[in-house]
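Colleague: I'm new to reading protein models, and I'd like a close look at one part of this one. Could you walk me through the open sheet and what surrounds it?

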Amino acid sequence: GSEDCPFAGNAEILLTGKRGSYTSVDGEKYISVHSGGSLEIHGQPKTSWTKLTKTVAPGGSVRTINVLDDVSSWVAGDQLVLASTDFDLNQAEVVTIEQCFERSCNVTGNIFYSHFGEIDSDVDMSGEVGLLTRNILIQGEMEERCYGDQLCDEYDFDTFGGHIMAKKGFKTFKVENA
């Protein structure tokens, strides 16, 4: 796609390889743009982040979340992350959209924690809501278990994803809505 005509289909770019499996100036599992090179990836435009305007209480089943920005571009099946509004970052939670309107969505998924969506003492304490679903997905292939020198004493899963980089002298580098 282009800025004027974003890619309308679905695409997955899977970055493969294991850490240490080969050597290059840029490492493994990457997209790299060097001097004079260009990269343009343009997915379907959608609101990527907004904020809650009402607190979301814990509980299961379908519920409505109210948000600050127009999210009518979000569709059924899209996944959202409700960022933690607590000191515990592990309280971020993923929900699935059933239906969206201009500034609200009906979502499903168990919500185990409260997500604050208010202004308190003139301070905006509203939690962020992020769209996880994109029509262009760029991700690193992950191994079943941690291996090599990836802090395996702390993690039992693969921590080596992938990366995209622009090197000095690149001509254009635009990745949006992907």
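**The open sheet and its surroundings**

Modeller: Happy to! Let's begin with one pair of strands: E7, residues 93-100, and E8, residues 104-108, run antiparallel to each other and are paired over four bridges. Within this pair, Ile97 faces Val107 of E8. Please keep in mind that this is a predicted model.

Now widen the view. E7 and E8 belong to an open sheet of six strands, and its order is E4-E11-E6-E7-E8-E5, with antiparallel pairing. At the edges you find strand E4 (49-51) and strand E5 (63-66); each has a single partner strand, so one side of each is left without a neighbour in the sheet. On average, neighbouring strands here are turned by 40° against each other, if direction is ignored.

Next, look at the side chains. The largest nonpolar core has 16 residues, and those touching the most other members are Ile65, Trp74, Leu80, Cys105, Val107 and Val129. You have already met Val107, the residue opposite Ile97. Four strands, E6 (79-82), E7, E8 and E11 (128-131), each give at least two residues to this core. E7 supplies the largest share, three residues.

Ile65 is a good residue to click on. Setting aside its neighbours within four places in sequence, Ile65 is in contact with Leu52, Val56, Leu80, Leu82, Arg103, Ser104, Cys105, Val107 and Val129. There is also a second, separate core of six residues, among them Leu15, Val33, Ile41 and Ile136.

Let's return to Cys105, one of the core residues with the most contacts to other members. Cys105 forms a disulfide with Cys100, and the two sulfur atoms are 2.0 Å apart. A disulfide, in case the word is new, is a covalent bond between the sulfur atoms of two cysteines. The link of Cys100 and Cys105 is right-handed, with 100° about the S-S bond. Both Cys100 and Cys105 are buried.

The count of disulfides comes to two. The other one joins Cys146 to Cys152, with an S to S distance of 2.1 Å. This link of Cys146 and Cys152 is left-handed, with -90° about the S-S bond. Here is a small exercise in reading accessibility. Cys146 has a relative accessible area of 16%, so it counts as buried, since the cut-off for buried is under 20%. Cys152 has 32%, so it is partly exposed. Cys5, with 53%, is exposed, because exposed means over 50%. Counting bonded cysteines along the chain, the disulfides follow the pattern 1-2, 3-4.

Finally, step back to the whole chain. The protein chain has zero helices and 14 strands. Its C-alpha atoms fill a box of roughly 50 × 50 × 30 Å along the principal axes. Of its 178 residues, 29% count as buried. The chain exposes about 10700 Å², and carbon and sulfur atoms supply 50% of that area. Among contacts in the chain with a separation of 6 or more, 66% come from residues 24 or more positions apart. Ile65 and Val129, which are in contact, make a nice pair to find on screen.

Conventions:
Residues are numbered from 1 along each chain as its sequence is written. This is a predicted model: local features need pLDDT of at least 70, side-chain atom pairs count only at pLDDT 80 or more; totals for chains, interfaces and linings use all residues. Side-chain values use heavy atoms; hydrogens and water are left out. Two strands pair if DSSP finds at least two bridges between them. Axes are lines fitted to C-alpha atoms, for helices over the stretch in contact, and angles run from 0 to 180 degrees between N-to-C directions. A nonpolar core is a set of buried Ala, Val, Leu, Ile, Met, Phe, Trp, Tyr and Cys residues joined through side-chain atoms within 4.5 Å. Buried means under 20% relative accessible area, exposed over 50%, partly exposed in between (1.4 Å probe, protein chains only). Contact means heavy atoms within 4.5 Å. Accessible areas come from the Shrake-Rupley method with a 1.4 Å probe; for residues, only the protein chains shown count as cover. A disulfide is a pair of cysteine sulfur atoms within 2.5 Å.
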